[in-house]
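Visitor: Got a minute to walk me through this one? I'd like to go piece by piece.

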Amino acid sequence: MTSTAQIPEYPMPRAAGCPLDPPPPLRDLQEEAPLLRVRIWDGSTPWLVTRYEEQRALLGDPRVSSEPHHAGYPSQAARAAKGGSGIGFILMDDPEHARLRKMVASPFVVKRVEELRPVVQKIVDDLIDEMLAGPKPTDLVQAFALPVPSLVICALLGVPYADHAFFQDNSKQIINRDVTPEERAAASGRLAAYLDDLVAKKIAEPQDDLLTRLGERVTAGELTRRDAASMAVLLLLAGHETTANMIALGTLTLLRHPDQLAEVRTAEDPKVVAGAVEELLRYLNITHGGRRRVALEDIEIAGVTIRAGDGLIMANEIGNRDPAAFTGDPHTLDIHRPARHHVAFGFGVHQCLGQNLARMELQVVYGTLYRRIPTLRLATDFATLPFKHDGFVYGVYELPVTW
Ligand code: HEM
């Protein structure tokens, strides 16, 4: 049992030289106990849930809340504690969470996502054409990883082609580390105002897209236009940086595992690429920093009593490396490992709404990029790459590549 004096700090730094692995002390803590106390930035000591089974049990437990206003909720940082993230139903409990989630859920079912596959293929092919026609080396993050999810969300929402550049520029500003908080807020405001206008246009001239569906809810009096626009911003924010980081970091990881990259590049069977997507999601678990929750009632689990008001952090970055949940050595990358039950998309009622879309985008990307650019390689030293140690979502700020 960890004594008060020994309570470890969370999050902890990754090991120098191993930026693709979670911090080594997490592995020791997982071996030590399925849940234990950690100290976070504000001095509070929530439970860190280290093992896969307990993470899923608690994420699926209705006695656990996602709402940051409850005392004891372990905020990720001061800006999140002030409610600065503003990302709608991801921070709400049922029934309101379920009511809002249902309104935007239909485009994310497998069948609808599959209908978008040719659109995504064209977006990916066009961006690769542009990259090949441009200078090299180039930064894969700016030239490819960020534009792919941005253009896909444009297609899904129904953003007209003429506005793509405006949409992409402002989406990039929101996640750019070099802009001031004021510039970021201004970009977010411009997007919300733009989407609000677009909902009005879709009400006047309905089309087959998500903003039209949201417009119908506005007309039916179930949503205000402003709420419809903020849901669209939530989808953009939740799907943009995550998918972009999986594209860049996944590519970097495969470049570090050339045998497995060769298999992905030459695979005849789409299941090989789909398997690589699941394994990379598991192995990289880019939403590091844990799923944050607070207990609303006392909960007995794994011989521990979590008290009502105790904060909970489900550290999926180590849950996805739990030897009890994955075959073989979970600390190695193996694209043939059954990995689809990973928790990279979370678990329970908040499990990622966009997961089918994210999977399909990554399948198209990994299945196309290395085939079309078989000599793709890093244009700099691995050791000099700027990793997003400070980000809510893990990745690389830049990935210089050449071919
Ligand atoms: C590889 C890419 C992605 C990863 C790793 C990822 C990861 C996650 C995770 C871990 C959660 C759970 C948060 C929690 O339980 O607190 C989540 C929720 C969510 N994600 Fe994703 N996501 C990805 C892509 C997307 C995309 C493409 C979209 C939509 C366009 C999206 C929309 C959402 C939404 C709306 C939620 C909130 C769901 C809810 O609260 O009910 N995500 N995502």
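**Sheets, iron and rings**

Guide: Sure, starting with a small sheet: E9 and strand E10 (residues 400-402) pair in the antiparallel sense over two bridges. Helices (H or I, at least four residues) and strands (E, at least two) are DSSP runs numbered from the N terminus, and two strands pair if DSSP finds at least two bridges between them.

Visitor: What kind of model is it, and how are residues numbered?

Guide: It's a predicted model, where local features need pLDDT of at least 70 and side-chain atom pairs count only at pLDDT 80 or more, while totals for chains, interfaces and linings use all residues. Residues are numbered from 1 along each chain as its sequence is written, and side-chain values use heavy atoms, with hydrogens and water left out.

Visitor: Back to that small sheet. What's the strand order?

Guide: E4-E10-E9, an open sheet of three strands with antiparallel pairing. Strand E4 (138-139) and strand E9 (377-378) are the edges, each pairing on one side only. Across E9 and E10, Arg377 stands opposite Thr402.

Visitor: And the five-stranded one, what order does that have?

Guide: That open sheet runs E1-E2-E8-E5-E3, with mixed pairing. Its edge strands are E1 (35-37) and E3 (64-65), each with pairing on one side only.

Visitor: Which strands in there run parallel?

Guide: E2 and E8 do, joined by three bridges, and Leu48 stands opposite Ile313 of E8. E1 and E2 (residues 47-49) run antiparallel over three bridges, with Leu35 opposite Val49. E5 and E8 are antiparallel over four bridges, and E3 joins E5 antiparallel through two.

Visitor: Who faces whom around Val294?

Guide: On the E3 side, Ser65 stands opposite Val294. In E8, the bridge partner of Val294 is Gly311. Arg292 of E5 stands opposite Ile313 in E8.

Visitor: Is E5 mostly covered or mostly open?

Guide: Mostly covered: five of its five residues are buried, where buried means under 20% relative accessible area, exposed means over 50%, and partly exposed is in between (1.4 Å probe, protein chains only). Arg291, Arg293 and Ala295 point one way, Arg292 and Val294 the other.

Visitor: What about E8, which way do its residues point?

Guide: Gly311 and Ile313 go one way and Leu312 and Met314 the other, and all are buried.

Visitor: Which helix lies across that sheet?

Guide: Helix H2 (residues 52-59) lies across E2, E3, E5 (291-295) and E8 (311-314), at about 125° to E8. Contact means heavy atoms within 4.5 Å. The axes are lines fitted to C-alpha atoms, for helices over the stretch in contact, with angles from 0 to 180 degrees between N-to-C directions.

Visitor: Switching topic. What holds the iron from the protein side?

Guide: The only protein donor of the ligand's iron atom is Cys352 (SG), at 2.3 Å. Donors are N, O and S atoms within 2.8 Å of the metal (3.2 Å for Na, K and Ca), and sites may look incomplete because water is not among the atoms. Cys352 lies in the loop between helix H14 (316-319) and helix H15 (355-372).

Visitor: How many aromatic pairs are there?

Guide: Five, counting rings of Phe, Tyr and Trp (its six-membered ring) with centres within 6.5 Å; planes under 30 degrees apart are stacked, over 60 edge-to-face, the rest tilted. The rings of Tyr52 and Phe326 have centres 5.6 Å apart and planes at 75°, so that pair is edge-to-face. Tyr52 is in H2 and Phe326 in the loop between H14 and H15, 274 residues apart, and both are buried.

Visitor: Why does the Tyr366 and Tyr370 pair count as stacked?

Guide: Because their planes are at 20°, with the centres 6.3 Å apart. They sit four residues apart in H15, about one helical turn. Tyr366 is buried at 0% relative accessibility, and Tyr370 is buried at 1%.

Visitor: Which charges sit over rings?

Guide: Among them, Arg37 lies over the face of Trp47, 4.3 Å from the ring centre. Arg282 has its charged end over the ring of Phe326, 5.3 Å from the centre. The rule wants NZ of Lys or CZ of Arg within 6 Å of the ring centre and within 35 degrees of the ring normal.
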